[in-house]
Structure formats: structure tokens, C-alpha cells
Amino acid sequence: MSTASPYARCVADLHEQGYTIIKDLVTVDLIAALGTGLDAQFAATEFSKGSFSGAETRRFAGLLKRSPHVASLVEHDLILRISEEMLGPWCDHFSLNLTQAIELTPGASQQVPHRDQDMWPCSGFVDREHGMEFLINVMWPLSDFTQDNGATLVWPGSHRRQDELLIAPEEAVMAEMAPGSALVFLGSTLHAAGANRTALPRRGVIISYCLGWLKPYELPWLAYPPEVARQFPRSLARLAGYRVHRPNLGTYEGRCPSLLLDGTVETPGAVDALLPEQEELIRAWRSGIIDPEQSDARPGQSFLSATLDRDVQASHG
Ligand SMILES: O=C(O)CCC(=O)C(=O)O
Ligand SMILES: [Fe+2]
């Protein structure tokens with residue numbers, strides 16, 4: 001039996017396979033309470049429209065305001081540590097991308113295989129050699145996920161085969177699991193909702209995290225406007241978008257949007273939010289240390305985007 005910590009095992013799985021299943025991560029009671037609390041919302045939700053979501057599915061988002069139990073999943077310590085490991089090198093901080101409840105109704109057909117990062121067109125152009133990831137997705141089953149009711153299909157190792165649009169169905173595995181467990185997979189991992197061939201719905205909750213400089217699938221500031229986010233613990237509000245991404249991205253009145261959690265001053269004045277190495281470069285330019293004749297930028301380096309440069313260097317010598 002492996003003696004590696006759950007964290008080390010998950011990170012190793014993600015690097016090697018592009019996904020991991022973590023058994024019994026939270027209690028069945030927590031998931032049961034969450035599921036029961038969402039029953040009425042599922043019943044009130046229209047079927048999805050569109051060939052991606054699937055007409056035999058029901059989906060609704062903004063889960064942090066629909067259930068008091070979602071926050072503990074969003075801020076689950078192990079999930080946050082794994083997300084930091086996989087996304088941290090590529091951003092100042094990662095953010096909440098989406099919370100969505102999904103029901104596959106009886107008879108639902110298989111979803112088209114896809115990679116969740118494909119929403120961001122630049123994902124096809126990054127240097128894959130460096131293993132840049134855009135997103136971490138966590139599927140929390142509300143009901144048992146079985147091969148018959150549409151357990152998520154995952155293609156192991158597909159994060160290393162991004163030039164293949166599709167991979168043979170026989171290579172897919174079904175993420176069979178029970179409530180309390182979680183399927184974690186990368187934005188670059190090929191996957192799909194399976195087909196539900198049973199008479200009962202398959203329900204789950206998706207919680208995903210993305211690089212803090214990307215446009216998230218769900219706009220958190222609309223899902224959770226300041227009067228809602230003010231009720232969140234500060235760490236959760238920060239994860240849900242109330243945090244400036246250095247340098248100066250995602251601001252309100254030129255400032256960190258956490259300003260809105262404390263009540264606003266009409267025109268507080270802009271305040272730069274820069275990384276120390278960006279401050280340093282600008283200081284060097286001001287004092288004339290940088291010679292324009294010898295100022296070739298290293299990959300990813302500029303006065304305002306030293307992040308990538310720093311981390312590529314850190315992780316690759
Ligand atoms: O429901 C599932 O199992 C996966 C859904 C999915 O991958 C998606 O909607 O992006
Ligand atoms: Fe997906």
C-alpha cells in the first residue's frame with residue numbers, strides 16, 4: 001500500500017494521468033444535506049439547451065448562494081492545495097471558475113468529449129512543454145456515479161495528448177464513485193458526461209478553479225454581488241473574485257475590489273498592485289540601469305508580466 005500522503009498521491013496522479021479520484025473526502029451526511037437542499041432547485045430548472053450541455057440535462061450555477069454546504073467544498077483544504085500546486089506557477093493567484101449542479105436525466109446521451117480549457121482560445125497556443133494548466137475541475141457526486149447512469153468518462157493521459165481532438169472510446173475510464181468522494185481533473189484532460197441508461201437521475205456538483213487572469217466561466221461578481229459576498233468569509237470572497245490579480249487586473253476604481261466588501265468611497269483613487277519583480281524592473285528603468293541596447297526580453301518578460309518569466313525559470317532551472 002502506498003505511504004504517500006493524499007496530497008502527494010493526488011498531485012502525482014494529476015501529473016501522470018490528468019485525473020484522480022479521492023475517496024471519502026467529505027462525509028456522506030454533508031453531501032446528503034447538500035443534495036436534499038438542491039432538490040427543489042433541480043425541479044424548478046428547465047432542461048439545458050445546446051449541443052454541448054445536452055438537452056437531457058438540468059444545470060444551475062451560483063451554488064454558493066443556493067446552499068450553505070457549498071462553501072466547505074469550494075474551500076476544501078486538500079482541493080485548494082492541489083489547485084495551488086497545479087495552477088500557482090502560472091498566475092498571481094487562482095480563482096473560482098464555476099460552481100454548477102448537473103443532473104443527467106434518465107435516457108441522457110453521452111456528452112461530446114472535450115477539454116474544459118478549450119473555452120479559452122489561447123489554450124491551444126501555449127508551450128505545452130512547460131505543462132501550463134488553466135483549470136482544475138472537481139466533480140462532487142450527489143448520487144452514486146456508475147457505468148450505467150453516466151459516470152464521467154475520463155481519458156487517462158490525455159493531458160499529454162492535446163494535439164488529439166478525440167481518443168478511442170475504449171481508452172476512457174468511467175469515474176465510478178459514491179457521494180463523499182471527488183473526481184479531480186485538469187482542464188487539459190479529455191472527458192465527457194457518460195450516458196444515463198437508468199431510470200433515475202444522476203446528479204453532481206462541479207466546482208472548478210482557473211488561473212486568476214482568465215475570464216471565468218461564471219462571473220462571480222454578478223453571481224455574488226458585494227452585498228452577498230460580504231456575508232462570505234474573507235478567504236471565500238477573495239476566491240470568488242474580490243481580489244486584484246497583480247499587476248492591476250480585475251480592479252474596481254483602480255483598486256483591489258475587496259474595497260467593495262468594506263463599503264465604498266466614491267473616488268478613492270487608483271493604487272497599483274504590482275509584483276515585487278515588476279516594481280524592481282520599473283525601478284531599474286527609472287534609475288537608468290537598463291540599457292535599451294541590451295534589453296532583450298526573456299520569454300514572458302516585460303515590465304508588467306514578469307510572473308510567467310519567474311515561474312518558468314523557477315520550475316525549469
Ligand atoms: O457531468 C459530467 O460528468 C461532466 C460534465 C462536463 O464535463 C461539463 O459540462 O463540462
Ligand atoms: Fe467538462
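Me: How far apart do the C-alpha centres of domain 1 and domain 2 lie?
Reply: The C-alpha centres of domain 1 and domain 2 lie 36 Å apart in this predicted model. Domain 1 covers 6-239 and domain 2 covers 276-315, bounds that come from an automatic or database domain assignment. Residues are numbered from 1 along each chain as its sequence is written, and ligands are numbered from 1 in the order in which they are written. Because the model is predicted, local features need pLDDT of at least 70 and side-chain atom pairs count only at pLDDT 80 or more, while totals for chains, interfaces and linings use all residues; side-chain values use heavy atoms, without hydrogens and water.

Me: What makes His114, Asp116 and His191 donor residues of the iron ion (ligand 2)?
Reply: Donors are N, O and S atoms within 2.8 Å of the metal (3.2 Å for Na, K and Ca). His114 (NE2), Asp116 (OD) and His191 (NE2) coordinate the iron ion at 2.1 to 2.2 Å, so these atoms satisfy the limit. Water is not among the atoms, so the site may look incomplete. The donor spacing in sequence is H-x1-D-x74-H.

Me: Why is Cys10 called buried, and Cys256 partly exposed?
Reply: Buried means under 20% relative accessible area, exposed over 50%, and partly exposed in between (1.4 Å probe, protein chains only). Cys10 has 0% relative accessibility and therefore counts as buried. Cys256, at 25%, is therefore partly exposed. Among the iron donors, both His114 and Asp116 are buried.

Me: How do you know that Cys256 has no bond to Cys91?
Reply: A disulfide is a pair of cysteine sulfur atoms within 2.5 Å. The closest cysteine sulfur to that of Cys256 is in Cys91, 15 Å away, and therefore too far for a bond. A search of the whole structure finds 0 disulfides. For Cys10, the nearest cysteine sulfur, that of Cys91, is 19 Å away.

Me: What makes the approach of Arg59, Thr152 and Arg202 to ligand 1 a polar contact?
Reply: A polar contact is a pair of N or O atoms within 3.5 Å; within protein, one must be able to donate a hydrogen and the other to accept it, and residues adjacent in sequence count only if both atoms are side-chain atoms. Oxygen atoms of ligand 1 lie 2.8 Å from a side-chain N or O atom of Arg59, 2.6 Å from a polar side-chain atom of Thr152 and 2.7 Å from a side-chain N or O atom of Arg202.
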